[in-house]
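Subject: The structure I promised you

Hi,

Here is the structure we talked about, so you can open it and follow along. My notes on what turned up come right below it.

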Amino acid sequence: QTVSSTPMEKQIRPPSSGQSAWFPRRIQESIDYETLVQRLYVRHIVTETKDMADWVVQQYTRATFASEQDGANPDPFGSLAQQISACDATKSEGGKIGWIERDTALEILPQPVVSQLFERQPKAGDVLIVPSSVVSSTSGQWHTIQVMELWTQLSFADHQQQQTQSKSTTTTQNDIDARAPAVGSFTGTNALLGRRTLKGQGVIPVVNLGDLATYSIQTSGCQMNVADSERLEGVLQKELQLQPADNQKNADLILFNTCSIRDHAEQKLYDAIGPYAAQKRKGRSNLALVVTGCVAQQEGEALLRRFPEVDVVLGPQYVPFLKNVLEKVAFGSQVVATSPMLLLQQEDFMSKPVRGHDVRAWVNIIHGCNEHCSYCVVPATRGMEQSRSMEAVLQECLDLADAGYKEVTLLGQNIDAYG
């Protein structure tokens, strides 16, 4: 809650009992979970009592991780499942069930358990205790469920249709104020915009993915942006089969991974876009311009209005979905993807990053920040805190060690909030 004392001064008070916090602290509060999340990839440990389920979670969170070479299992949840789970069908595979949907009903995972699980809106990496029966929580078996990954459904609003509808209704200032988010909150939109005629020769640019063969990435800002660029390269090379350009000026896809911590960084982006925007105005069709990073999240659709030559504005949380977004561009739209999004966890379900160094590597363990310091833009551009699971972090580090890396840096905007 914000209380204004003078026009130039604001005092922030903690919410009183019964009031919601000024800023949401859980990503689920800012998304339509029921529409976005279609499936969950899960494994479980079945116990006969709630006390035993509590003990399982306690042992899991206190687990000491080590490599198999040191004689310890790097997967404590799977190890616990093999040792104590009452489910004979899954214990040998570390409790693995696989993908489930909202209407899934299995003998090993009854429908009431599935319904309760989806109602609690878990993120990837969450561990939850769910009773087998919603009628009685004092008897029956208990499921300690680990959500390993989410299957999400991307959706984009028809921006032109929204504009037509808005012209037919009267909007008051009170309506605008009621919809306006708090300054510094993590908001955005996913929208498809119709192509506009560019200045100069009046060209409406069309990007054909089949004409793109090379790419170039320009990265500015922090180490998190460097790590994101490595993940973007993984998508470009392994999913789109593009290769790095020998000369940046001749690349078919130019990606700007941006920083907004200082105004100077934003101005550098606008200067960098200029020459490529001029090429598109002159009719170069085999050129795609993508802006991602914090400026993309901060400016959103406004960036497309400033530079109609840009094809995609991509928030950092959509890095794994770059291919899906570029496919929308191929159908003739400009795309903005900046709405809040649950993060993917497991590298098994996404392209692995293309590392920029042979000895040292970056490993993300937490994204976002909930602190909302008055001087900092991070919560508005990187969103609410979302931690990766311990297993996902450890497995990535072990894979790096096996590949010969000597130094690993754990990354996060607010890394001491991990968990």
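Let's begin with a salt bridge: Asp228 pairs with Arg231, and their closest N and O atoms are 2.9 Å apart. Keep in mind while you look that this is a predicted model. Both residues belong to helix α7, which covers residues 223-238, and they sit three residues apart, about one turn of the helix.

Are these two buried or exposed? Asp228 has a relative accessibility of 2%, so it counts as buried, given that buried means under 20%. Arg231 has a relative accessible area of 18%, so it is buried by that cut-off too.

Asp228 has another partner as well. Its side chain meets that of Arg382 in a salt bridge, again listed at 2.9 Å from N to O. This pair ties together distant parts of the chain: Arg382 is in helix α12 (residues 378-382), Asp228 is in helix α7, and 154 residues separate them. Arg382 is buried, just as Asp228 is. Elsewhere on your screen, look for Glu230, Arg355, Arg388 and Glu396, which are joined into one network by salt bridges that share partners.

How many salt bridges are there in the whole structure? The search finds 15. Another of them links the side chains of Asp54 and Lys50, at 2.9 Å from N to O. These residues are both in helix α2 (residues 50-61), four residues apart, which is about one turn of the helix. Here the surroundings are more open to view: Asp54 is partly exposed, with a relative accessible area of 33%, and Lys50 is partly exposed with a relative accessible area of 33%.

Now for the empty spaces. Searching the whole structure gives three cavities of 30 Å³ or more. The second largest holds about 110 Å³ of space. It is lined by 13 residues, and those closest to its centre are Pro316, Gln317, Leu343, His367 and Arg382. So you meet Arg382 again here, the partner of Asp228 from above. Sorted by class, the lining has six nonpolar, four polar and three charged residues.

Last stop, the surface. Val408, Leu410 and Ile415 make a nonpolar patch of about 210 Å². Val408 is part of strand β18, residues 407-411, and counts as partly exposed because its relative accessibility is 33%, between the cut-offs of 20% and 50%.

Have a look around, and write back with any questions!

Cheers

How values were computed
Residues numbered from 1 in each chain as written. Predicted model: local features only at pLDDT ≥ 70, side-chain atom pairs only at ≥ 80, totals over all residues. Heavy atoms only, no water. Patch = residues over 30% accessible without salt bridge, like charges linked within 9 Å, V, L, I, M, F, W, Y side chains within 5 Å. Areas by Shrake-Rupley, 256 points an atom, 1.4 Å probe, with all protein chains shown as cover. Salt bridge = Lys/Arg side-chain N within 4 Å of Asp/Glu carboxyl O. Helix = DSSP H or I, 4+ residues; strand = E, 2+ residues; numbered from the N terminus. Buried < 20%, exposed > 50% of the residue type's maximum accessible area, 1.4 Å probe, protein only. 1 Å grid on protein atoms, 1.4 Å probe; cavity = no way out; pocket = protein on both sides within 12 Å on 5 of 7 lines; lining within 4 Å. Points joined across faces, edges and corners; volume = space filled by probe spheres on them. Nonpolar A, V, L, I, M, F, W, Y, C, P; charged D, E, K, R; others polar.
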